[in-house]
Amino acid sequence: MSLTDELLRPLLASPAKPLITHYDDQLGSRVELSVATTANWAAKTANWLTEEFDVEPGDDVAVQLPAHWQTVGVLLGAWWCGARVVTEGAGARVAFVGPDDPEPTGAAATAVVTLDPMGRGLAEPPGGGAFDYLTESRAAGDQYSPLFPIPGDTAALFESTVDEVLAEARARAAKLGLTADDRVLSTKDWRGSEGILDGLLVPLAAGAHLVHVSHADPAKLGARRDAERTTADLPA
């Protein structure tokens, strides 16, 4: 079973429950995703990767994105179809980059993610044969079923397998005392395996509601805790 199946399956019993709240203090934006909406974005991404780029279990997908609600859909979608998430584009089937990142990526294909708080695609088609992720993946299916079985020993995050990533995320969540009743505040970046593991997978493995603040203004964090009624902070 894929890492995404393992993470989302227990949560889908309460599909309306808030799962990800993303603040960007630089833009003054707040976006909240329920379990169902998160699963929907992940399914669209997985279907798009499978249908457009023939991504199969074991293929590399490079994710060169900051912590953001759109990055959640990219990561969970990649894992759902069995891809191994890396950061280097060279040799990857697809590389996901932000709107201001330089090209080329070295991947077979490049998908540009706008990181727009309202989920809008690019105003103009990207150059160099790149793809507009938000615009194109939005037309993909809302449900996803893997075309191939994804064993637990499939690489999922750099050299770590599905089973290893899941076990480590659960162990770290338990060490922090996180449960499904928690609302967790974080300002942690997700670049690199440790950032993705601690900043995203640990709260997801606990079934907790993650409140992530990008470009965090330290003076506003107290207000964020009060407004979101958070119960724990992730270590920065």
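Author: Ala, Val, Leu, Ile, Met, Phe, Trp, Tyr, Cys and Pro count as nonpolar, Asp, Glu, Lys and Arg as charged, and the others, Gly among them, as polar. The model is predicted, with local features needing pLDDT of at least 70 and side-chain atom pairs pLDDT 80 or more, while totals for chains, interfaces and linings use all residues. Residues are numbered from 1 along each chain as its sequence is written, and side-chain values use heavy atoms, without hydrogens and water.

Reader: Let's start with empty space. How many cavities of 30 Å³ or more are there?

Author: Rolling a probe the size of a water molecule over the atoms shows where empty space is left. On a 1 Å grid over the protein atoms alone, a cavity is a set of points where a 1.4 Å probe fits but cannot get out; a pocket is an open set with protein on both sides within 12 Å along at least five of seven lines; lining residues have an atom within 4 Å of a point. Points join across faces, edges and corners, and volume is the space filled by probe spheres set on them. Here the count is three cavities of 30 Å³ or more.

Reader: Which residues line the largest cavity?

Author: Its walls are Thr50, Val55, Glu56, Pro57, Cys81, Tyr144, Pro146, Leu147, Phe148 and Ile150. They enclose about 50 Å³, and by class they split into eight nonpolar, one polar and one charged.

Reader: And what lines the second largest cavity?

Author: Val63, Leu65, Thr71, Thr87, Trp190, Arg191, Gly192 and Ile196 do. That lining has four nonpolar residues, three polar and one charged, around a volume of about 40 Å³.

Reader: Now the open space: which residues are closest to the centre of the largest pocket?

Author: The largest pocket holds about 220 Å³. Of its 15 lining residues, Asp24, Pro66, Ala67, Ser214 and His215 are closest to the centre. Strand E1 (18-24) and strand E11 (209-214) are the elements giving two or more residues to this lining; helices (H or I, at least four residues) and strands (E, at least two) are DSSP runs numbered from the N terminus. E11 has the largest share, with three residues. By class, the pocket lining has five nonpolar, seven polar and three charged residues.

Reader: On to helices. At what angle do H2 and H3 pack?

Author: Two packed helices are described by the angle between their axes and the distance between the axes. Axes are lines fitted to C-alpha atoms over the stretch in contact, with angles from 0 to 180 degrees between N-to-C directions. H2 (residues 35-53) and H3 (residues 69-80) pack at about 55°, axes 7 Å apart. They are therefore oblique to each other (under 35 degrees is roughly parallel, over 145 roughly antiparallel, 65 to 115 roughly perpendicular, the rest oblique). Among the residues in contact (heavy atoms within 4.5 Å) are Trp41, Ala42 and Leu49 of H2 and Trp69, Val72 and Trp80 of H3. The classes there are 12 nonpolar, four polar and no charged.

Reader: Which residues of H3 and H6 make their contact?

Author: The axes of H3 and H6 (residues 193-206) come within 12 Å and cross at roughly 75°, which makes H3 roughly perpendicular to H6. Val72, Leu75, Leu76 and Trp79 of H3 touch Ile196, Leu200, Leu201 and Leu204 of H6. That contact has eight nonpolar residues, no polar and no charged.

Reader: What is the class make-up of the contact of H5 with H6?

Author: Nine nonpolar, no polar and five charged residues. Glu168, Arg170 and Arg172 are among those in H5, and Glu194 and Asp198 among those in H6. The axes of H5 (residues 162-176) and H6 come within 8 Å and cross at roughly 75°, and the two helices are therefore roughly perpendicular.
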